[in-house]
Amino acid sequence: MVTEAVQMKTFYTANGFLSGIPVLASRGLEAARMSFKKLEEEFGKGHTQYSLHNIHQAYPWVMDLAAHPDILKVITAVLGPDIILMETRFICKYPSCDIPHKDDAVPYVPWHQDIKYWGFEGGPVVSVWLALDNVDTENGVLQVIPGSHKRGILEHQKAINPGNMLTGNQEISQHLVDADNAVECPLQAGQMSIHDVLTIHASEPNISHRRRCGFMIRYIPTRAYPVKDPARPRSFPDTVLVAGTDEYKHFEDHPPSFFCKAC
């Protein structure tokens, strides 16, 4: 009998993504949403929209999400037993009535590949989207192009339309994107999707009256290593070994003082 882990690995290898995977039950989801609400109250929605980066080092509940056993079960099935948490970020698309947008530029994410921003070799990189809210077409669902991770790194250019949430304001040239083959990844709150950092993906603006908030997490196998690029120096001050052991030592381990991998 083919195990669930083998099925996930097979589909992921062929398509470059998985979606609709349950992670948080009602109690855990409610706790995460209440904790995030406190961050909104403390920092304001203009900040929590995209600027909560690597706060797993400061907030135990965020680190607990990043090392959630149901997430790591999927990640180890895809990447192998030895896993490093590379980075985390909360990403929220708020309704326009919640945050006025400069020059009416409604936030969206154009077609892109995550690897454009994180150069690695020696192993794949996985991005997780853990939904804190229900995600659908109306509020800006993730769209992926199945199998596009097999095409390698594609040409990116400066985005044409305003409102791009990517910090580099880049997008893949339109002639390289087969948008007709795009697949939506709707999620119920508490579910997650994952995709390879070479998978072409995007999300449209939130045109609803509902928030679309998710927790983005990136993982790498310990065998992977960063590519040195003088034009884009990179540092990784917040990496944490979250599964297995690290015999390669390409990254320093920075576990928060409150984190216990064996707990």
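Is H201 buried or exposed? The exercises below work through this predicted model, beginning with that residue.

**Exercise 1. Decide whether H201 is buried or exposed, and describe its surroundings.**

Step 1. The relative accessible area of H201 is 5%, and a residue counts as buried when this value is under 20%, so H201 is buried.

Step 2. To place the residue in the fold, note that H201 belongs to strand β12, which covers residues 201-203.

Step 3. With neighbours up to four places away in sequence set aside, the contacts of H201 are P110, W111, H112, Q113, D114, L142, Q143, V144 and H195. One of these, Q143, is 58 residues from H201 in sequence, yet the two C-alpha atoms are 5.4 Å apart in space.

Step 4. Turning to polar atoms, the side chain of H201 has one that lies 2.9 Å from the backbone oxygen of T199, and the side chains of H201 and H195 are joined by a polar contact of 3.3 Å.

**Exercise 2. Follow the contact from H201 to H195, and find which strand holds H195 and which residues it touches.**

Step 1. H195 is part of strand β11, made of residues 191-196, and with a relative accessibility of 6% it counts as buried.

Step 2. Beyond the residues up to four places away in sequence, H195 touches Y12, G16, F17, D114, V125, V126, S127, L142 and H201. D114 and L142 appear in this list, and they are also among the contacts of H201.

**Exercise 3. Check the length of helix α2 and work out where its buried residues lie.**

Step 1. Helix α2 runs over residues 26-43, which is 18 residues, and at 1.5 Å a residue it should span 26 Å; because its end C-alpha atoms are 26 Å apart, the expected and computed values agree.

Step 2. The buried residues of α2 are L29, A32, S35, F36, L39 and E40. Viewed down the helix axis, these buried residues fall within an arc of 155°, and therefore they line one face of α2.

Step 3. On the face turned away from that buried side, the exposed residues are S26, R27, K38, E41 and E42.

Step 4. The cover over the buried residues of α2 includes the helices α3 (45-48) and α4 (60-66), together with the strands β2 (52-53), β3 (83-93), β6 (126-131) and β13 (212-221).

Step 5. Just after the helix comes G44, whose phi is positive, at about 90°.

**Exercise 4. Find how many disulfides the structure holds, and explain what the link ties together.**

Step 1. Searching the whole structure gives 1 disulfide, and it joins C92 to C213, with a distance of 2.5 Å from S to S.

Step 2. Because C92 lies in strand β3 and C213 in strand β13, the pair ties together parts that are 121 residues apart in sequence.

Step 3. The angle about the S-S bond is -60°, and the link of C92 and C213 is left-handed. C92 is buried, with a relative accessible area of 0%, and C213 is likewise buried at 0%.

Step 4. For C185, the closest cysteine sulfur is that of C213, and because the distance is 18 Å, the two are too far apart for a bond. C185 nevertheless counts as buried, at 2% relative accessibility.

**Exercise 5. Name the residues that touch the most other members of the largest nonpolar core.**

Step 1. This core has 45 residues, and those touching the most other members are F36, I194, Y219 and V242. The element that gives the most to the core is helix α5 (residues 69-79), with 7 residues.

Step 2. Taking I194 as an example, and not counting residues up to four places away in sequence, its contacts are Y12, G16, F17, L18, V74, I75, V78, V126, S127 and V128.

**Exercise 6. Compare N54 and K249: where does each lie, and is each buried or exposed?**

Step 1. Most residues other than glycine have a negative phi. N54, which is not a glycine, has a positive phi near 55°, and K249, also not a glycine, has a positive phi of about 60°.

Step 2. N54 lies in the loop between β2 and α4, whereas K249 is placed in the segment after β15 (240-243).

Step 3. N54 is buried, with a relative accessible area of 11%, while K249 is exposed, with a relative accessible area of 61%.

Note on methods
Residues numbered from 1 in each chain as written. Predicted model: local features only at pLDDT ≥ 70, side-chain atom pairs only at ≥ 80, totals over all residues. Heavy atoms only, no water. Helix = DSSP H or I, 4+ residues; strand = E, 2+ residues; numbered from the N terminus. Expected span 1.5 Å × (residues − 1). Buried < 20%, exposed > 50% of the residue type's maximum accessible area, 1.4 Å probe, protein only. Arc of directions from axis to C-beta. Contact = heavy atoms within 4.5 Å. Polar contact = N/O pair within 3.5 Å; in protein donor to acceptor, adjacent residues only side chain to side chain. Disulfide = S-S within 2.5 Å. Core = buried A, V, L, I, M, F, W, Y, C linked by side-chain atoms within 4.5 Å.
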